[in-house]
Amino acid sequence: MTEQLLTWFRARTQREQYMVAGGAIAVVLAFLYFLIVPLSDALASAKARHADAVISLSETQARVDAFKALQADRAAPLDAPLESVIRTRANDAGFALTNVTPQGSDHVQLAIASARPGALIGWIAGLEASGILVDRLATTDNGDRTVSVQMTVKAQGQ
């Protein structure tokens, strides 16, 4: 086949040989252009997808780490009924409970006649850190730099 092609090419005049060679070069250049341009676009697209995937992976890893930290910081389950835990913690903090009423097995409603706001907020933060969550809270100013409190609490996860 190559012999036939060379024989055909040599049978052409010099001018025709230049034209055929120029046409062949143009075809090869066009082929290379249409081969390289799509490959460079595909490479740029792959780089962009890779960058997006790396960012998505790092965001997911950050979320997983945050979730693991939340699980590690989770409060231990209560070792006594919620009502008795509330009574003990309020007594330890110096609050006189005027009313403690269990609301089913998972909620406790309580009332404090007089409490300093700063101490009350600190006590509530300590309760929440230990797994007792405030479900409802209402305070009323007593007029003597104290507040009266009506609140409902529940154990975490209930």
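Author: Helices and strands here are DSSP runs, numbered from the N terminus, where a helix has at least four residues and a strand at least two. With that settled, Gly94 can be placed in the loop between α3 and β1. The model is a predicted one.

Reader: Before going into detail, what average pLDDT does the chain have?

Author: The general caution is that where pLDDT is low, the predicted coordinates should not be read in detail. In this chain the average is 88, and 96% of the residues score at least 70. Confidence is lowest in helix α3 (residues 82–93), with a mean of 88, and highest in β2, with 92.

Reader: How do I check a helix, and what should the twelve residues of α3 span?

Author: Compare the expected length with the distance between the end C-alpha atoms. For α3, twelve residues at 1.5 Å a residue should span 16 Å, and the end C-alpha atoms are 16 Å apart, which agrees.

Reader: Which residues of α3 are buried?

Author: An α-helix has 3.6 residues a turn, so residues three or four places apart point the same way. In α3 the buried residues are Leu82, Val85, Ile86 and Ala90. Seen down the axis, these buried residues fall within an arc of 125°, so they line one face of α3. Asn91 and Asp92, on the other side of α3, are exposed.

Reader: What covers the buried residues of α3?

Author: The cover includes strands β1 (97–103), β2, β3 (132–141) and β4 (147–155), together with helix α4 (117–129).

Reader: How many residues does α4 have, and which of them are buried?

Author: The reading goes as for α3. Helix α4 has 13 residues and reaches 18 Å from its first C-alpha to its last, close to the 18 Å expected at 1.5 Å a residue. Its buried residues are Leu120, Trp123, Ile124 and Leu127. They cover an arc of only 100° around the axis, which puts them on the same side of α4. Gly118, Ile121 and Ala129 are exposed on the face turned away from that buried side. Among the elements that cover the buried residues of α4 are α3, β2, β3 and β4.

Reader: Take one residue of α3: what does Arg89 touch?

Author: Start with the position, then list the partners that are distant in sequence. Arg89 has its place in helix α3 and is partly exposed, with a relative accessible area of 31%. Not counting residues up to four places away in sequence, Arg89 touches Trp123, Gly126, Leu127, Ser130 and Ile132. Arg89 and Ala129 are 40 residues apart in sequence, and their C-alpha atoms are 13 Å apart in space.

Reader: Where is phi positive just after α3, and which residue with positive phi is not a glycine?

Author: Most residues other than glycine have a negative phi, and most peptide bonds are trans. Just after α3, Gly94 takes a positive phi of about 90°. Gly94 is exposed, with a relative accessible area of 61%. Gly94 and Gly104 are ten residues apart in sequence and 26 Å apart in space, C-alpha to C-alpha. Helix α4 is followed by Gly131, whose phi is also positive, near 100°. Arg145 has a positive phi of about 65° although it is not a glycine. Arg145 lies in the loop between β3 and β4 and is exposed, at a relative accessible area of 70%.

Reader: Is His107 buried or exposed, and what does its side chain contact?

Author: Read accessibility against the cut-off first, then the contacts. The cut-off for buried is under 20% relative accessible area. His107 lies in strand β2 (residues 107–115), and at 18% relative accessibility it counts as buried. The side chain of His107 makes a polar contact with the side chain of Asp135, at 3.2 Å. Leaving aside neighbours within four places in sequence, His107 is in contact with Leu82, Pro102, Asp135, Thr152, Val153 and Lys154. Of these, Leu82 appeared earlier among the buried residues of α3.

Reader: How many aromatic pairs are there?

Author: Rings of Phe, Tyr and Trp pair if their centres lie within 6.5 Å, and planes over 60 degrees apart count as edge-to-face. By this rule the count comes to two aromatic pairs. One of them is formed by Tyr33 and Phe34, edge-to-face, with 5.2 Å centre to centre and 80° between the planes. Tyr33 is partly exposed, with a relative accessible area of 49%, and Phe34 counts as exposed at 60% relative accessibility.

Conventions:
Residues numbered from 1 in each chain as written. Heavy atoms only, no water. Buried < 20%, exposed > 50% of the residue type's maximum accessible area, 1.4 Å probe, protein only. Polar contact = N/O pair within 3.5 Å; in protein donor to acceptor, adjacent residues only side chain to side chain. Contact = heavy atoms within 4.5 Å. Phe/Tyr/Trp six-rings, centres within 6.5 Å; stacked < 30°, edge-to-face > 60°. pLDDT = per-residue confidence, 0-100. Expected span 1.5 Å × (residues − 1). Arc of directions from axis to C-beta.
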